[in-house]
Amino acid sequence: MCGIVGFVGDKNAVEPVLCGLRNLEYRGYDSAGVAFYDGSKIRNVKQAGRVAALENELVDLDIINTKTAIGHTRWATHGTPTKLNAHPHYNKDKTIFVVHNGIIENHQELRSMLEAKGYHFVSHTDTEVVPHLIDFYYQKTKDMEQAFTSAINDLSGAYAIVMMSEIEPNKILAAKLSSPLAIGVGKKNNMVGSDASAVADAAKKIVYLEDYEIAIVEKNKYKIRNLKNKKIVTRNPEDLLLEDVRSSKGSFEHFMLKEIHEAPKTIQNAILGRIKIETNEIKLGGLDSVANQLRNIDRIIIVSCGTSYIAGLVGEYLIEELAEVPVEVQLASEFKYRKEPYSPNTAILAISQSGETADTIAALKKIEPQGLLTLGIVNSPGSTISRMTKAGIYCHAGPEISVASTKAFTAQVTILVLLALSLGKNRSKLYKDLLVELASLPKTAEKILSLSPAIKEIAIRYSHHRDFMFIGRGYEYPVALEGSLKLKEISYIHAEAYAGGELKHGPLALIDENFPTLALASSPTLFDKTASNIQEIKARGGKTIVVTTKKQQKHFKTIADDLIIIPEVSDQLSPILEAIVVQLFSYFIAAEKGCDIDKPRNLAKSVTVE
Ligand code: G6P
């Protein structure tokens, strides 16, 4: 899941490529590199680490007169994140340069074939087979487009590949299979990139490539060809929307903190134009086209990964309770291995912030032949998952930059409340009350944010611990999972999450004075059960931080070490608010530890490899 950018125009090709790479760092940031044509030859600069390290390498070079450039920011799959393994990779005489995102599954076989023909490899990557393979075909055909096509046809796996060559220095060739790639259309220049943000510097319009398409991009024109039927593809460019483009973190120290603080706006945007209190209505326009099918569904399978998976778990509680439809949440990475029967009225709901997560895409591909109804709850407009699903609801949370997902979770759960209520309109007694409560939730979320100083003070006091437990019951159990995921992602503290009832079935053995617990206990219906858990923890010398409400605090005052008092809302809405608490708590611990919060080690924002 690396980031790719390319530019072809009149001058200054490296600048927009570097700008695209900075915007794409969310896709990986182990190493970065560029190749550019300076009018006589292609030069190649790479560096381990961030794009900033690459920029340092470029300061003394004359890049003004560069007309064509490609660049890459990497998240290592094959080969360690070193300068040697950084992209672009090249052929023996350094005339063909290639950047790649994805995995070439048959790289070993291709490498052996090429080595047998005298090709010599310098890196440990799967990618390096591509420039050699193109070279191999070029020696035979002396036609670069043909050589590129033949090489692509030999690859299996998943890829977005972009190449430039000294043979045709004013052209960029690109190909895609199961990995996003788009052409950015500008004035007197064109770009290619992994997403809209990659090409935003010089393009006003965008054309998304589909699987098995190759593109030949020049400064004034581009051509797309389908690899299977060999026909030219005509596809109108779409306007490049400003909201697709990366934003700045303003006065906040990190994107994560800014994005947590966007919670009230995020909830507002998710419900905007979708609920009408006066008429008691929910309108989810994205589902209109499948309204009849939705009436008959008898099972929903949610597929997703990471934080989106945890949002799905909240969705399971919501849809089962409010719409009375059985729901199962499956990790997309496991879904593909299961051999289960489906009724014809099963719907598959994919939840994804990026809309590009490879495992979620693979899950959708797996059930394609069954012809089941597929739905999406996606944040990124125009992304692969939004295009693959028959219908869906956009989150409208805006770009999320911090690798650890926060506002996307807020938006996903808000949408799941809307979906559950809309499916259960004629069934649930809670419909009207929850709708009214939901409308005022942005204001309640503001109150949670105003607790930041108190949460920060507690977080700092606990920041030296090496282990953490999160517990919750019912709707609060997924929040415990999310709290533990957030904390480990950004602070590298070992964290566990359990449903309160499971504590005594094993994890209680871990508890001592060095293993604190954050308990979610604001539920008006389950707080007393969680209070018993706190007693059990206290009896073992464990410290507890309890998130509860003013009304319930009397039950915890004497047993908890610290209390975080939040406004009371219905059980069904509590995950939205409590998630903000655990996000802030994790953030302040990581900040106290001086961690690289927006770009935690070993992770990436968009996981485009299975
Ligand atoms: C990565 C991100 C997580 C995210 C997960 C699923 O692991 O770091 O924050 O929850 O992918 O991504 P998606 O874009 O499908 O929601």
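**Group meeting: the ligand site and a few backbone oddities**

Okay, let's start with a single glycine: G594, which comes right after helix α20, has a positive phi, near 75°. Keep in mind that what we're looking at is a predicted model.

Since we're there, a word on the helix itself. α20 runs over residues 574-592, so 19 residues by the DSSP runs. From the first C-alpha to the last, α20 reaches 27 Å, close to the 27 Å expected at 1.5 Å a residue. And is α20 mostly covered or mostly open? Mostly covered: 17 of its 19 residues are buried.

Now the ligand, which I guess is what you came for. Where does the ligand lie with respect to domain 2 and domain 3? It lies between them, because domain 2 (251-447) and domain 3 (451-610) both give residues to the shell around it. There are 13 residues around the ligand, and the ones that come nearest are S308, S352, Q353, S354 and T357. If you sort the shell by class, you get 4 nonpolar, 8 polar and 1 charged residues. As for secondary structure, helix α10, residues 306-323, gives the most to that shell, with 3 residues.

Let's go through some polar contacts, taking three residues in order. With S352, an N or O atom in the side chain is 2.6 Å from an oxygen atom of the ligand. With Q353, the backbone does the job: one of its N or O atoms lies 2.7 Å from a ligand oxygen. With S354 we're back to a side chain, where an N or O atom sits 2.6 Å from an oxygen of the ligand. So how much of the ligand does the protein bury? Taken alone, the ligand exposes 390 Å², and the protein buries 90% of that.

Last bit: the backbone outliers, for anyone who likes checking torsions. H87 and P88 are joined by a cis peptide bond, with omega about 0°. You'll find P88 in the loop between β4 (68-74) and β5 (89-90).

Then there are two positive phi values in residues that aren't glycine. N12 has phi near 55°, and its place is in the loop between β1 (3-8) and α1 (14-24). N12 is partly exposed, at a relative accessible area of 26%. K142 also has a positive phi, about 55°, and sits in the loop between α4 (129-141) and α5 (144-154). K142 counts as exposed because its relative accessible area is 52%, and the cut-off is over 50%.

That's my tour; happy to rotate the model for anyone.

Notes: Residues numbered from 1 in each chain as written. Predicted model: local features only at pLDDT ≥ 70, side-chain atom pairs only at ≥ 80, totals over all residues. Heavy atoms only, no water. Near = heavy atom within 4 Å. Polar contact = N/O pair within 3.5 Å; in protein donor to acceptor, adjacent residues only side chain to side chain. Areas by Shrake-Rupley, 256 points an atom, 1.4 Å probe, with all protein chains shown as cover. Helix = DSSP H or I, 4+ residues; strand = E, 2+ residues; numbered from the N terminus. Nonpolar A, V, L, I, M, F, W, Y, C, P; charged D, E, K, R; others polar. Domains from an automatic or database assignment. Expected span 1.5 Å × (residues − 1). Buried < 20%, exposed > 50% of the residue type's maximum accessible area, 1.4 Å probe, protein only.
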